[in-house]
Amino acid sequence: MFTGIVQGMGRVVLIEQPAPDFRRHTVELPEHMAHGLQTGASVAHNGCCLTIAAANGRQAAFDLMDETLAKTNLGRLKTGDMVNLERAARIGDEIGGHLMSGHITCTAAITRIKRGAHNTAMWFALPAAVRPYILPKGFVGLDGCSLTVGDVSDTEFSVHLIPETLQRTLFGTRQAGDAVNLEADPQTQAVVDTVARVLAQRA
């Protein structure tokens, strides 16, 4: 489990892809995140839960299977690219965002950005698969960041980003057209699906 509070950004230092449906990338973690890295531990990359396959100092290698490559933006990474990172939450940690599984639902493209002096509004295309779960003032996970949904239309939704988020995450460099990983809030999804099922049974 993760909290949606990005702890730092890591640089992709090596990519190995022996087959179209499999790749391994190695990421150099920031110093403050590299303590106690162990094979088998979970680290979220742009919100996607990955397992450490090998660790050496500040560098850790992660395997990406076909499902991950198909449903996330990780398959588009190149050597030198940065990723948002969060290590798995521990019992007793402060939950500053909302509980996230690290299981990406889909990607969403940035459609437009309005940058202001003190905050930035960013709009995203609203994929049909998650439309029922994206609600005004609800939670959404975007590239591993726990964010509050702003406005929602039939085709778009927005979030508002404070300077701290822009400085500490990839959102500071994102541009219109970029695809971000989206995780629908699991609790919202459970409630919406349950209500829909109950109403269908009554119909």
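## Long-range contacts and overall fold

Among the contacts that link residues at least 6 apart in sequence, 69% join residues at least 24 apart in the chain. This figure, like the others in this report, refers to a predicted model. The secondary structure of the chain consists of three helices and 12 strands. The chain has a radius of gyration of 17 Å, close to the 17 Å that the globule rule gives for 203 residues, and so it is as compact as a globular protein of that length. Measured out along the principal axes of the C-alpha trace, the chain spans about 55 × 45 × 40 Å.

## Annotated repeats

According to UniProt, in an unreviewed entry, the feature "repeat: Lumazine-binding" is placed at residues 1-98 and 99-195. The annotation "domain: Lumazine-binding", also from an unreviewed UniProt entry, covers residues 1-98 and 99-195.

In the model, the span of residues 1-98 is 6% helix and 45% strand, and its end C-alpha atoms lie 10 Å apart. For residues 99-195 the corresponding values are 16% helix and 41% strand, with the end C-alpha atoms 21 Å apart.

## Burial, surface and charge

Of the 203 residues in the chain, 41% are buried. The accessible surface of the chain comes to about 10600 Å², and carbon and sulfur atoms account for 53% of that area.

The chain carries 18 positive and 20 negative charges, and the mean positions of these two sets are 3 Å apart.

## The surroundings of Thr68

Within the span of residues 1-98, to which UniProt assigns the repeat feature, Thr68 offers a local view of the model. Thr68 lies in helix H1, which runs over residues 66-71. The relative accessibility of Thr68 is 17%, and because buried means under 20%, Thr68 counts as buried.

Which residues does Thr68 touch, not counting those up to four places away in sequence? With these close sequence neighbours set aside, Thr68 touches Cys48, Leu50 and Leu74.

Notes:
Residues numbered from 1 in each chain as written. Predicted model: local features only at pLDDT ≥ 70, side-chain atom pairs only at ≥ 80, totals over all residues. Heavy atoms only, no water. UniProt positions renumbered as here; feature names shortened; annotations may be inferred. Helix = DSSP H or I, 4+ residues; strand = E, 2+ residues; numbered from the N terminus. Rg over C-alpha atoms; globule rule 2.2 N^0.38 Å. Buried < 20%, exposed > 50% of the residue type's maximum accessible area, 1.4 Å probe, protein only. Contact = heavy atoms within 4.5 Å. Areas by Shrake-Rupley, 256 points an atom, 1.4 Å probe, with all protein chains shown as cover. Lys, Arg positive; Asp, Glu negative; His and termini not counted. Charge placed at Lys NZ, Arg CZ, Asp CG, Glu CD.
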